[in-house]
Amino acid sequence: MKNIYTYGGRPARRNLTVACLQANKAAGRKMTQVSAINGDEAGACAAMGIDLITIADHDIEDVRAAAPETFVTGSQTMVQYMTEDEALAAAIRCAEKGADAIFTPRGLKTIERLSGEGLAVQGHVGLVPRKSTLIGGLRTFGKTAEEAMQLFQDFKRLEDAGAVAAEVECVAVEALQEIGPRTSIVTHSIGAGSGGDIIFSFMEDICGDVENPPRHAKAWGDVLSIRKQMQAERGRALGGFRDDVTSGAFPDAAHTVPMTAGEQEKLQEALDKWSPTHQ
């Protein structure tokens, strides 16, 4: 466990630092990363010893409270912030609240702007789904030597822009195995094989909570079946409520509180005698 100051100037403890990630890369020590969308998921990751957690940047407070000592990357989307200034402002806010790194799939100028302020920045190479039209659709990248060399150049551009890490998505296994040791970038492999320094997977894929998982995903659980059971049970309960209200079976004596004995008759008498004060 490492003692640090956050970007916001608060003392904290972390399981890993950027320097640790780089040292683990050099030593060939594999690390794990999982996505989390709330404090419950982040807390589960921390409890199970997951090395890094990646989140949407706006979830940082909830996640940091639940996993105070785990390395957390706050992610920006392609369209979330329109300008480099907006991306920088959001990155600083996220880091101020405890994020250890910032992920952006945007261009090199955005990466350079963020890293220039001392932020640890993670880029995205290989298949970038929202840019998939540029490579002919959703497909594995780097299956040829020519394309793998393009990937290598992408890593070098990230290095020059100041990035410390990159998500490497849907890349041919051998391509990352060959390129990984030749770049200082810490590689987060998702669908790019075991050549990554960090093996990344989404929570829902790991837990078996999707109908049609991608080819690179593996499930170690079956949350989807449990969720379907919960949905069926929810429907059964709602139907029972509707039927009992319609038939008059609910609310019943077991779920109501009666007046004190004799008070109903007094109320009836008072109501029968009542007349408006003003006609």
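Two strands are taken to pair if DSSP finds at least two bridges between them. On this basis, the predicted model contains a closed barrel of eight strands, which runs in the order 3-4-5-6-7-8-9-10 with parallel pairing. Direction ignored, neighbouring strands of this sheet are turned against each other by 30 degrees on average.

The pairing of individual strands can be followed around the barrel. Strand 3, which spans residues 31-35, is joined to strand 4 by three bridges, the two strands running parallel, and Ser35 stands opposite Thr54 of strand 4. Strand 3 also pairs with strand 10 in the parallel sense, over four bridges, and here the bridge partner of Thr32 is Ile199 in strand 10. Strand 3 is mostly covered, four of its five residues being buried. Elsewhere in the barrel, strand 7 (121-126) and strand 8 (165-169) pair in the parallel sense over five bridges, with Glu167 of strand 8 as the bridge partner of His124.

A further pairing involves strand 1 (residues 2-5) and strand 2 (residues 11-14), which run antiparallel and are joined by four bridges. Within this pair, Asn3 has Arg13 of strand 2 as its bridge partner. Strand 1 and strand 2 form a hairpin with five residues between the strands, in which Gly9 takes a positive phi near 90 degrees.

Open spaces in the model were examined next. The largest pocket encloses about 770 Å³ of space and is lined by 32 residues, of which Phe200, Ser201, His216, Ala217 and Lys218 lie nearest its centre. Two or more residues of this lining are given by each of strand 3, helix 2 (39-47), strand 9 (186-190), strand 10 (198-201) and helix 8 (203-206). Of these contributions, that of helix 2 is the largest share, at four residues. When the lining of the largest pocket is divided by class, it has 19 nonpolar, nine polar and four charged residues.

The second largest pocket has a volume of about 590 Å³, and its lining consists of 25 residues, with Ser75, Gln76, Thr77, Phe103 and Phe202 lying nearest the centre. At least two residues of the lining of this second largest pocket are supplied by each of strand 3, strand 4 (52-56), strand 7 and strand 8. Strand 4 gives the most, with three residues. By class, the lining of the second largest pocket has 11 nonpolar, nine polar and five charged residues. Strand 3 is thus named both among the elements that give two or more residues to the lining of the largest pocket and among those that supply at least two to the lining of the second largest pocket.

Enclosed space was also considered. A search of the whole structure finds one cavity of 30 Å³ or more, and the volume of the largest cavity is about 50 Å³. The largest cavity is lined by Val18, Leu21, Leu52, Phe71, Thr73, Ala101, Gln122, Val164, Ala165 and His188. Helix 1 (18-27) and strand 5 (71-75) are the elements that give two or more residues to this lining. The lining of the largest cavity has seven nonpolar and three polar residues by class, and no charged residues.

Finally, the cysteines were inspected for covalent links. A disulfide is a covalent bond between the sulfur atoms of two cysteines, and the structure holds zero disulfides. For Cys94, the closest cysteine sulfur is that of Cys45, and because the two sulfur atoms are 16 Å apart, they are too far from each other for a bond, the cut-off for a disulfide being within 2.5 Å. Cys170 is likewise in no disulfide, the nearest cysteine sulfur being that of Cys207, at 20 Å. Both of these unpaired residues are covered by the criterion of under 20% relative accessible area for a buried residue: Cys94 is buried, with a relative accessible area of 3%, and Cys170 counts as buried at 13% relative accessibility.

Terms used:
Residues numbered from 1 in each chain as written. Predicted model: local features only at pLDDT ≥ 70, side-chain atom pairs only at ≥ 80, totals over all residues. Heavy atoms only, no water. Buried < 20%, exposed > 50% of the residue type's maximum accessible area, 1.4 Å probe, protein only. 1 Å grid on protein atoms, 1.4 Å probe; cavity = no way out; pocket = protein on both sides within 12 Å on 5 of 7 lines; lining within 4 Å. Points joined across faces, edges and corners; volume = space filled by probe spheres on them. Nonpolar A, V, L, I, M, F, W, Y, C, P; charged D, E, K, R; others polar. Axes fitted to C-alpha atoms, helices over the stretch in contact; angles between N-to-C directions.
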